[in-house]
Amino acid sequence: MKIKILFAVMLAAALNGCKSDDDSPAPVVTTPAEVTTLNVDVVLPANIRTQWQPTIDWALANINSAQQRQKHQVRLNLRYHDENTEDIDKLAYQLTHPEAGADTCHAIIGPYHSANATDILRYAGRNRLPVIMPTCTSSELQRANARNTYTWFLTESDVTQCEMMVTGAAKMADVDVALIYSDDNYGQSFRDWFGYFATERQLHMPGEGITAYRSGTNLTSFLDGLAADLKNSRLVVCIALGNAADYQSVTEQVRQWNSKLLASGKNIELQVILSDTALDDQVIQSQGVFFNYAVCPTASPDYGFPQTFETRFGRAQNFGESRIYDALTLLAMGAAHQRVHGNACTVAGRQVKYYEKPYDPTLTDHMRSLVASEQGVACSWETEGLARAFSEIAAGRSVNLTGASGSLYFDSESYTKSLGTNYMFWRIEAGNGGRMVKPILYISTESSNTQASTQVLWELDKMWMPGYEDASVTHHLPAVTDRWAVVISPSTTWSNYRHQADAFAMYQLLRSHGYDDDHIVLIVEDNLANDSRNTFPGQIFVERSSDPAAAADQFVNEDVRKGIDVDYHFSDLQPADLADIMNGRSSARLPKVIHPTASSDVFFFWSGHGGNREGPLWGNEDAYEYFGKERIRNIVKEMAGYDPNSQFTIVNSQLRKYRRMMFAIETCFSGQWGEALTGLPDVLVITAANAQESSKADVHDRDLGVYLSNAFARTFRRQIDADNAISIYDLYFELFRTTKGSHVSIYNQQEYGSLYSETMSEFLPK
């Protein structure tokens, strides 16, 4: 994933050139239209439905008006459910099991809150019923459903929102930053990422820096700790609470604390930034909520929706209104696409087929087909653009859609996860009807003519940071002279097919990106290709499809064993041999080793099983022989030139055997190695799981009866082949987002450098 960030100057007035959506109705079809009706169940809190209703009505009117010239038309029949009073589990079951008495449900919009989405998504998977969530931003929810083709997230996760809050704080000169987050699923992402983003921007976090809040929590001790440890005269307190009602209590405590400091003569300029849940009437209209700015996902001003909205309704849009508009238009166009293409549905050029019921494409796949297309006539969100889209779809042609929220840019894995979210910094101003939202600044992860990429923005940030140096790296590295790699899978059984397959695929990735065979040591048992259970003798796959149309994908139907000479069979080695291989000590028994120097980059990949005490196992899951955290640390210490008897003393820098080193570890509990290698210079560790959890297999093949690959390794390969110059941050974010069942983790970045500016071309140059 390429995360992109923009700064767009706030447009001062509405776009005078925008036509009113309903001013010029299209000529009506003279013969009766054939109508397809979609039952769409909308799950929202009653107060949110009231806020959104004008936008919903506007969208429905535009959809109907846009189809007046069409012989075949789509009508959306919306059925509302109060999210705060319904039994969500019972409702989800009824909507997805028509035999239980509910009318046929064709799609669900909602819920509003991430906490209510799990039950709905669990049942929706039964028939791949599209569930379109305009406002669910939980990173954990999005990670767990990253590859489900029926889960539509129209807003990026709270990880991105956290980045935006810290970015906004960083634009103020001479600041310290702190975070108060709600102790629930909503606050989790802010807690996990706030410190990282603050460190990247070299912002000091005083005192404890971060604290959790539960209803009734007294924050005095935390706030006093901030005051005692300030390095700058300005303090930015970011507050991210899952319940909007809590903002009054928290901000009142912050306000009283600040008043006490000012009365004591301590000169601290306080700024308070709230998260998206603050865009709520009980916050906006409350005099008791104290804050300077808030950040919220919104529509991009580049496409005119915010300006047209304000002209039409006399107010700024609420959180989610542009996305409910997009949800409705996507459903209508998806149904039109389904009528034309039926089971002949392709997504990004690949025919849609499933191995489980329902086997044929459903409505969600036709929606995916629309947003996956970057070809065809450009079609915008207003009536004229929608009419053009319906006409092109009816003719069987591709369209390039732009939504009310911005360009409809989705992930390339499932095409249901938004990667182009716009954020608005806003404040409260007095208006004729009371307190009103006043947009101040737009920041976005979308790309357009007015926008810069992450890399450009980060370079600007560095220009504004006096004496900036990447993350805690205070030395300068030599130029790269060569690259070496060690690829190992300790698994030997047929049931562990995926581990060796991923090792072979990683070898192929390295070869295709600049490594020759002499610079890779491959250690696998190599007993899969000729196993009697292999229905494809001599071949190994990490993905396989019987669909010829899918063969264009480089990972499908590709024999990853082809053309490879294995250096060592795993069963012929002992754990101690890896130290000799990594440190260049060849022998008659170990003729193939790597020979890195202080100007060499070294890449290390390990795919196998792991245990909860030491991480990666030397052997299969039943071996219970750990390779050892201390053993792997000692190997890298020796390569770094450390005294083996001292944790931090370097004997001779001339003995160093790497310039930079990256470990990619695909095992259960692999984070244990990340922790073990923390503190070693210029080493970065990316693991498929944290230190306390297992990792999961990903691609199962029904003919071979085994898993072909792990999620971590699969995404790693795909991202590198798509763009070898992807930033490490973007790679990590995509790995984290798409790896189900475990949390991809990164370790030792403080000794490596900025994950924004460092890219994977360091290790994979072509």
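This report walks through a predicted model of one protein chain, from its overall make-up to a few individual residues.

## The chain as a whole

Let us begin with the broad picture. The protein chain has 766 residues, of which 59% are buried. Its secondary structure comprises 20 helices and 27 strands.

Contacts also say something about how the chain is folded. Taking contacts between residues at least 6 apart in sequence, 71% of them join residues at least 24 apart.

## Two nonpolar cores

In soluble globular proteins, nonpolar side chains tend to be buried together. Here, the largest nonpolar core contains 93 residues. Within this core, Leu76, Ile239 and Trp426 touch the most other members. Helix α11, which covers residues 321-341, provides the largest share of the core, with ten residues.

Another core, made up of 81 residues, lies apart from that one. Its members include Leu203, Val295, Met506 and Tyr729.

## A pair of packed helices

Two packed helices are described by the angle between their axes and the distance between the axes. A pair to look for in the model is α15 (residues 497-512) and α19 (residues 711-722). Their axes are 10 Å apart and form an angle of about 15°. Angles under 35 degrees count as roughly parallel, so α15 and α19 are roughly parallel to each other. The crossing of these two helices is left-handed.

Which residues bring α15 and α19 together? On the α15 side they are Asp502, Ala505, Met506, Leu509 and Ser512. On the α19 side they are Ala713, Phe716, Arg717, Ile720 and Asp721. Sorted by class, this contact has six nonpolar, one polar and three charged residues. Met506 appears in this contact and is also a member of the 81-residue core.

## Links across the sequence

Some residues that are separated along the chain can be found together in space. Alanine 61 belongs to helix α1, which spans residues 46-66. With a relative accessible area of 33%, alanine 61 is partly exposed. Its C-alpha atom is separated by 8.9 Å from that of threonine 383, although their positions lie 322 residues apart along the chain as a sequence separation.

Asparagine 612 offers another example. This asparagine sits in the loop between β21 (610-611) and β22 (615-616). Is asparagine 612 buried or exposed? Its relative accessible area is 52%, so asparagine 612 is exposed. Leaving aside residues up to four places away in sequence, asparagine 612 touches Tyr626, Phe669 and Gln672. The C-alpha atoms of asparagine 612 and serine 694 are separated by 8.4 Å, and the two residues are 82 residues apart along the chain.

## Backbone details in the loops

A few loops carry backbone features to look at up close. Glycine 110 and proline 111 are joined by a cis peptide bond, with omega at about 0°. Proline 111 is placed in the loop between β4 (107-109) and α3 (117-124).

Tyrosine 415 is not a glycine, yet it has a positive phi of about 60°. This tyrosine is in the loop between β15 (399-401) and β16 (422-431), and it is buried, with a relative accessible area of 15%. Aspartate 682, also a residue other than glycine, has a positive phi near 60°. Its loop runs between α18 (671-677) and β24 (683-687). The relative accessible area of aspartate 682 is 0%, so this residue is buried.

Definitions and conventions. Residues are numbered from 1 along each chain as its sequence is written. This is a predicted model: local features need pLDDT of at least 70, side-chain atom pairs count only at pLDDT 80 or more; totals for chains, interfaces and linings use all residues. Side-chain values use heavy atoms; hydrogens and water are left out. Axes are lines fitted to C-alpha atoms, for helices over the stretch in contact, and angles run from 0 to 180 degrees between N-to-C directions. Helices (H or I, at least four residues) and strands (E, at least two) are DSSP runs, numbered from the N terminus. Angles under 35 degrees count as roughly parallel, over 145 as roughly antiparallel, 65 to 115 as roughly perpendicular and the rest as oblique. A crossing is left-handed if the near helix is turned anticlockwise from the far one by less than a right angle, and right-handed if clockwise. Contact means heavy atoms within 4.5 Å. Ala, Val, Leu, Ile, Met, Phe, Trp, Tyr, Cys and Pro count as nonpolar, Asp, Glu, Lys and Arg as charged, and the others, Gly among them, as polar. A nonpolar core is a set of buried Ala, Val, Leu, Ile, Met, Phe, Trp, Tyr and Cys residues joined through side-chain atoms within 4.5 Å. Buried means under 20% relative accessible area, exposed over 50%, partly exposed in between (1.4 Å probe, protein chains only).
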